[in-house]
Amino acid sequence: MSERRFQCPFCGVGCGLYVDQRGRVKGDFEHPANRGDICKKPVYLPKVMDKGRLTRPLFREKKGEPFREISWEEAYDILAREISRRDPRELYFYISGQLLTEESYVINKFVKGFLGVNNIDANSRLCMASAVVAYKLAFGSDGPPCTYEDIDDADVFLFIGSNASVAHPVLFKRVLKRKRETSDALVVCIDPVETETARRSDVHIPVRAGTDTVFLNSVLWVLEREGWIDEEFIKSRTEGFEEALGEARLYPPSVASGICGVEERDIYFIAELFAKSEKLVSMWCQGLNQSVNGVMKNLALINLHLATGRVGKRGCPFSLTGQPNAMGGREVGYLTSGLPGYRDVRNEEDRRFMEEFWGVKGISPEPGPTITSAIEKMRRGEITFLWVVCTNPAVSLPELRKVEEALGRVFLVVQDAYWNDTCEFANLILPASQVGEKEGVMTGSDRTITLCEAFREAPGEAKPDWLIFTELGRKMGAQRLFPYRSAREIFREFALSTKGRLCDISELDYDKLPARWGKRWLYEDSPFLTKSGKARFFPARFELPKEDGDFILITGRLKNQWHTMTKTGKAPELLKGEVPPFVVMNPKDAQRLGIKEWDIVTLYSERGEIERVVVFGNVKEGHIFAPFGYPREFGEPTNYLVSDRTDPLSGEPDLKFAGVKVKVRKEAGRC
Ligand SMILES: Nc1nc2c(c(=O)[nH]1)N[C@H]1C(S)=C(S)[C@@H](COP(=O)(O)OP(=O)(O)OC[C@H]3O[C@@H](n4cnc5c(=O)[nH]c(N)nc54)[C@H](O)[C@@H]3O)O[C@H]1N2
Ligand SMILES: Nc1nc2c(c(=O)[nH]1)N[C@H]1C(S)=C(S)[C@@H](COP(=O)(O)OP(=O)(O)OC[C@H]3O[C@@H](n4cnc5c(=O)[nH]c(N)nc54)[C@H](O)[C@@H]3O)O[C@H]1N2
Ligand code: SF4
Ligand SMILES: [Mo]
């Protein structure tokens, strides 16, 4: 068999990979995202692709009963019946940034076009929603304004709320390569935890969790005070500077340093970098996004780029995408308010275009509830049917007690490649094929689209996600809406819908990939997509939630594990050093409580409790770091403790700020 090329199904760096003649996964030297590089996770992919797979549709009348195998025909009958007998507002679909673009497109069309409700959200709500909203507010559209090439000629890299060395390893290596080549390049990391990224950076600023808005406002204060702003750029290309400055004036370094737990000189240092470096690229991820203050944190950072004219050649704000195809999902509009081609259900022209394009009537102008609001509606009995595709909410959503209650009440369909913890709550389980077993595209963090070719057969009766919705759509009488015989046909339809939009890919086809949409810099010599054509500063308001407890629990990722471990957890090589489930504590905090390294502790709050082994590390005092993805076979998942409070603008949950108390359960060395 010739070499089959695909995009890595793990993180949003979007590395191009291939399977060689001997079945080994290798980095593709011709791919612009990684140029042959690869990290550890996909190397073990072939080994785990057959372990613990779902291979037949499974059904049970009542939860708690054993499942029985059924045919696809029967599964479609059940689905058609359960969907048709309900008011569409009782239905909800929860999908994923790990689906192929064609799949998200078809599911979105099924819900928004065919069923006529916007009751669909993706796990990107927990991930990129704050960045999407901030980009839209500041630039008038979603879409990162720069590309990976900007790493290769920058001299300052600011990682804020990003542990890229662990979470985006190939990208981080590219930054370190640039550093090796240019002796005066500088890497800075702003994070309450001394992460691997912090350790490999030149400077680490351990900010107090949740306070970035204050820190960044204070940097703006210094920029203005020192006359380090780009007045020409501010005047010709932006609006709203004075209002943003008004807010920043509340936080001179003397005030901000106290709130953020940093030195005043740290704030001046960052201001000087924005003022004087040749080219500054800032990269951020969940330390900014997953917060009640998430959009404001994003905007406060973008404000600094606008104030110093760094949105293109001289630098850029670069939001790192988490999942391999959250970018593609955003392009097809898979969040509650989206429509294909970065369109929005609230915009009449966008709705009309898509109604005509799809040949449907009545796309609803109301964004549907976000996943956390939908969980509330399930608990109240207002949503009674939930179809989960390619995500594992029984582990990854916040406030798991509430989630369990919700999953227990609804008719639950789980469509997954592997058996996962959400299956325990299901009525109907549908076996899906995964990347490597089906064809389609994904878009990485910097807008590069890659074709994923199949390199093996799917096990049993597993089907591509697009085919499941296509067949059901036809079964329900919508042959005209779902005529597809291949993913390529779906791609063509979607590509056509993007004509004339920022993310225009209407000229692309599978044989032209990988290819990036948009110019290297989206707004370098064209207007921003706001009404006035100018980028917008926003006053970045600071808010910190009140949390009970002695510590702030910060949650995040493990280096060699992917989220809820359905794939990476099956490779012993990747589990080494990542289990048993642990938390990282500052030794000074631990000492105060009489906790020794390797003690087993209980972390608890009103939301629940979990047990973990204590590992010592340089976490800012008063904070504890916990990986969140451990499935239930390891005990209670971390998200029992995590709040479902959300950012008011993005609806993204505050996953990195939970008050907890700690007590010793078992001392190290005693069994
Ligand atoms: N190995 C691995 N890689 C992954 C994933 C995985 O599961 N495993 N998942 C992928 C996905 S979907 C995503 S979204 C990305 C996530 O990538 P990242 O966001 O880089 O990873 P996290 O560990 O969630 O959080 C990043 C950092 O934010 C810090 N942080 C927490 N609160 C604050 C704060 O208030 N301010 C600041 N400045 N920092 C804060 C944390 O200490 C942590 O080091 O990773 C992707 N890559
Ligand atoms: N406390 C806390 N919670 C968090 C976060 C955090 O930082 N802290 N991060 C949040 C973020 S950023 C994210 S992205 C989420 C991730 O959370 P999830 O999306 O729940 O995590 P995954 O384990 O990646 O789940 C993907 C599922 O899709 C399945 N799958 C893989 N390929 C396919 C396919 O092709 N088709 C189908 N149908 N299924 C497939 C896998 O088996 C797995 O069950 O977690 C969020 N939750
Ligand atoms: S850096 Fe991300 S995309 Fe690249 S190989 Fe590693 S997990 Fe895959
Ligand atoms: Mo994510």
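**Exercise 1.** How many bridges join strand β19 to β20, and in which sense do the two run?

Solution.
- This is a predicted model, in which local features need pLDDT of at least 70, side-chain atom pairs count only at pLDDT 80 or more, and totals for chains, interfaces and linings use all residues. Residues are numbered from 1 along each chain as its sequence is written, chains are lettered from A and ligands numbered from 1 in the order in which they are written, and side-chain values use heavy atoms, with hydrogens and water left out.
- Helices (H or I, at least four residues) and strands (E, at least two) are DSSP runs numbered from the N terminus, and two strands pair if DSSP finds at least two bridges between them.
- β19 (residues 440-443) and β20 run antiparallel, joined by 4 bridges.
- One position to look up is Gly-440, which stands opposite Cys-452 in β20.
- The two strands form a hairpin with 4 residues between them, and Arg-447 in the turn has a positive phi of about 80°.

**Exercise 2.** Find the residue in β21 that is the bridge partner of Thr-448, and describe how β20 is covered.

Solution.
- β20 pairs with β21 (residues 515-516) in the antiparallel sense, over 2 bridges.
- The partner of Thr-448 is Arg-516.
- Buried means under 20% relative accessible area, exposed over 50%, and partly exposed in between (1.4 Å probe, protein chains only).
- In β20 (residues 448-452), 5 of 5 residues are buried.
- Thr-448, Thr-450 and Cys-452 point one way, while Ile-449 and Leu-451 point the other way.

**Exercise 3.** Where does the largest nonpolar core lie with respect to domain 1 and domain 2?

Solution.
- A nonpolar core is a set of buried Ala, Val, Leu, Ile, Met, Phe, Trp, Tyr and Cys residues joined through side-chain atoms within 4.5 Å.
- The largest has 124 residues; Trp-387 and Phe-93 are among those that touch the most other members.
- Helix α14 (residues 294-307) gives the largest share, 9 residues.
- Domain bounds come from an automatic or database domain assignment.
- The core lies between domain 1 (58-124 + 324-444 + 459-513) and domain 2 (129-319), because both give residues to it.

**Exercise 4.** Locate the cis peptide bonds at Pro-514 and Pro-580.

Solution.
- Most peptide bonds are trans.
- Leu-513 and Pro-514 are joined by a cis bond with omega about 5°; Pro-514 is in the loop between α21 (487-497) and β21.
- Val-579 and Pro-580 are also joined by a cis bond, with omega about 5°; Pro-580 is in the loop between α22 (572-575) and β24 (582-585).
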